[in-house]
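Dear colleague,

I am passing on the structure below, together with some notes that I made while going through it. Please read them alongside the coordinates.

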Protein chains: 2
Amino acid sequence: MGQTAHEHGTTAVFASVEKACRERGLRLTPLRRQVLELILQAGGPVKAYDLLDSLKTSHHSAAPPTVYRALDFLLENHFIHRLETRNAYVSCFHPEASHSGQFLICEQCDQVTEINAPEMTQGVLKAAAEQGFKPSKEVVEVYGTCRKCIE
Amino acid sequence: MGQTAHEHGTTAVFASVEKACRERGLRLTPLRRQVLELILQAGGPVKAYDLLDSLKTSHHSAAPPTVYRALDFLLENHFIHRLETRNAYVSCFHPEASHSGQFLICEQCDQVTEINAPEMTQGVLKAAAEQGFKPSKEVVEVYGTCRKCIE
DNA sequence: TTTAGACCGCTATATTCTAGCATTCAGAGC
DNA sequence: GCTCTGAATGCTAGAATATAGCGGTCTAAA
């Protein structure tokens with residue numbers, strides 16, 4: 001359960017994003033495609049201004065809005081996630097499903113693993129219900145040490 | 001369970017922070033005290049630059065580091081929390097206990113409720129264990145609609 | 001082929017936070 | 001009390017992150 005886009009195969013993710021765009025009538029323009037590629041290639045969290053620097057090498061006119069607009073598109077359509085605690089962006093390994101992201105972030109190696117923990121979601125729902133609160137989106141980012149860095 | 005510092009009584013929180021400082025040998029300087037007061041009075045999430053503006057009225061020399069250093073002190077000692085998704089700061093309703101913050105954030109009225117949901121923490125621990133991940137800190141921020149705004 | 005809306009180029013600027021260094025202050029040890 | 005050390009603050013500058021706004025261009029649908 002816990003997988004990175006990298007492990008999942010960037011080409012597979014790419015194909016599934018393209019499929020989703022066709023189905024939902026979304027325009028995966030060259031710019032958006034390139035930003036998504038950069039995030040997939042990174043295999044981990046990327047900062048907006050690093051993306052901008054990368055873009056600039058092939059796209060002289062790139063400016064902050066260039067990147068942020070592409071990121072907005074990818075975020076809105078759940079093709080990537082934003083790591084709120086890091087101001088960074090990561091690819092999403094199952095772009096078909098609409099979901100909130102839950103992440104394990106290693107403080108030693110910065111590796112990020114997206115998880116899907118129904119118990120956690122249940123806990124959120126239960127706690128929210130006790131407060132009469134109707135949840136729409138949850139942000140879960142857990143810091144710690146990953147398996148590799150423990151060994 | 002689920003309480004805001006405001007409901008809990010700002011003076012009570014204040015007293016408990018003062019007690020904690022005495023016990024741990026921390027210096028609750030006038031500046032830090034004032035920043036804490038401002039956050040308590042706000043009764044909800046406050047932005048650093050709003051604190052700065054408030055400070056400036058009584059403290060002409062206040063600059064960004066003035067606020068951020070006070071916030072750092074308060075955060076380190078768990079007297080306040082930072083809402084990662086909002087770049088905002090909220091008071092902590094039980095400063096004695098060391099804990100990670102879990103928050104319900106209303107998208108209509110911006111009210112923030114700190115909760116303590118063991119099931120959620122259990123869910124995090126279980127999911128982490130499956131990955132061989134050793135968690136040290138969790139950030140949970142749930143967006144939605146609060147009871148009042150549903151009515 | 002026209003046209004509305006989406007997309008992009010571009011400049012500027014807002015917002016959030018940190019670095020770095022000088023000065024002042026509080027408390028520990030004498 | 002006096003000195004000394006580390007903590008706290010004053011202050012300037014600037015880094016890092018993100019958005020506003022406007023005009024031009026492209027796309028897809030009527």
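**A loop residue in chain A**

A:Glu84 has its place in the loop that lies between E2 and E3 of chain A. Please bear in mind throughout that this is a predicted model. With a relative accessibility of 13%, A:Glu84 counts as buried, because the cut-off for that class is under 20%. If its neighbours within four places in sequence are left aside, A:Glu84 is in contact with A:Lys137, A:Val139 and A:Glu141, and also with B:Glu84 and B:Thr85 of chain B.

**The sheet and the helices on it**

The strands on either side of that loop belong to an open sheet of chain A, in which 3 strands follow the order E1-E3-E2 with antiparallel pairing. Strands E1 (46–47) and E2 (80–83) of chain A stand at the edges with a single partner strand each, so one side of each has no neighbour in the sheet. Between E1(A) and strand E3 (residues 88–91) of chain A, the antiparallel pairing extends over 2 bridges, and A:Val46 has A:Tyr89 as its bridge partner in E3(A). Helix H3 (residues 30–42) of chain A packs on this sheet and touches E1, E2 and E3 of chain A, its direction making about 85° with that of E3(A). Helix H5 (residues 64–76) of chain A, for its part, lies across E2 and E3 of chain A and runs at about 110° to E2(A).

**Helix H3 in chains A and B**

The 13 residues of H3(A) should span 18 Å at 1.5 Å a residue, and the end C-alpha atoms are indeed 18 Å apart, which agrees. The buried residues of H3(A) include A:Val35, A:Leu36, A:Leu38, A:Ile39 and A:Leu40, and the helix is followed by A:Gly43, whose phi is positive, near 65°. In chain B, helix H3 (residues 30–42) has 13 residues and reaches 18 Å from its first C-alpha to its last, close to the 18 Å expected. Within H3(B), B:Val35, B:Leu36, B:Leu38, B:Ile39 and B:Leu40 are buried, while B:Gly43, just after H3(B), takes a positive phi of about 65°.

The charged end of A:Arg32 sits over the ring of A:Phe73, 3.9 Å from its centre, and the charged end of B:Arg32 sits over the ring of B:Phe73, 3.9 Å from its centre. Over all chains, the structure holds 4 aromatic pairs.

**A buried strand residue in chain B**

Which residues does B:Ile80 touch, not counting those up to four places away in sequence? They are B:Leu36, B:Ile39, B:Leu71, B:Leu74, B:Leu75, B:Tyr89, B:Val90, B:Ser91 and B:Cys92. B:Ile80 itself lies in strand E2 (residues 80–83) of chain B, and at 2% relative accessibility B:Ile80 counts as buried. The C-alpha atoms of B:Ile80 and B:Gly101, which are 21 residues apart along the chain, are separated by 9.5 Å.

**Positive phi outside glycine**

B:His78, although not a glycine, has a positive phi of about 60°; B:His78 lies in the loop between helix H5 (64–76) and E2 of chain B, and is partly exposed with a relative accessible area of 31%. B:Asp110 likewise has a positive phi, near 65°, in a residue other than glycine. The loop that holds B:Asp110 lies between strand E4 (102–106) and strand E5 (112–115) of chain B, and B:Asp110 is partly exposed, at a relative accessible area of 38%.

With kind regards

Key: Residues numbered from 1 in each chain as written. Chains lettered and ligands numbered in written order. Predicted model: local features only at pLDDT ≥ 70, side-chain atom pairs only at ≥ 80, totals over all residues. Heavy atoms only, no water. Helix = DSSP H or I, 4+ residues; strand = E, 2+ residues; numbered from the N terminus. Buried < 20%, exposed > 50% of the residue type's maximum accessible area, 1.4 Å probe, protein only. Contact = heavy atoms within 4.5 Å. Phe/Tyr/Trp six-rings, centres within 6.5 Å; stacked < 30°, edge-to-face > 60°. Lys NZ or Arg CZ within 6 Å of the ring centre and 35° of its normal. Pairing = 2+ DSSP bridges. Axes fitted to C-alpha atoms, helices over the stretch in contact; angles between N-to-C directions. Expected span 1.5 Å × (residues − 1).
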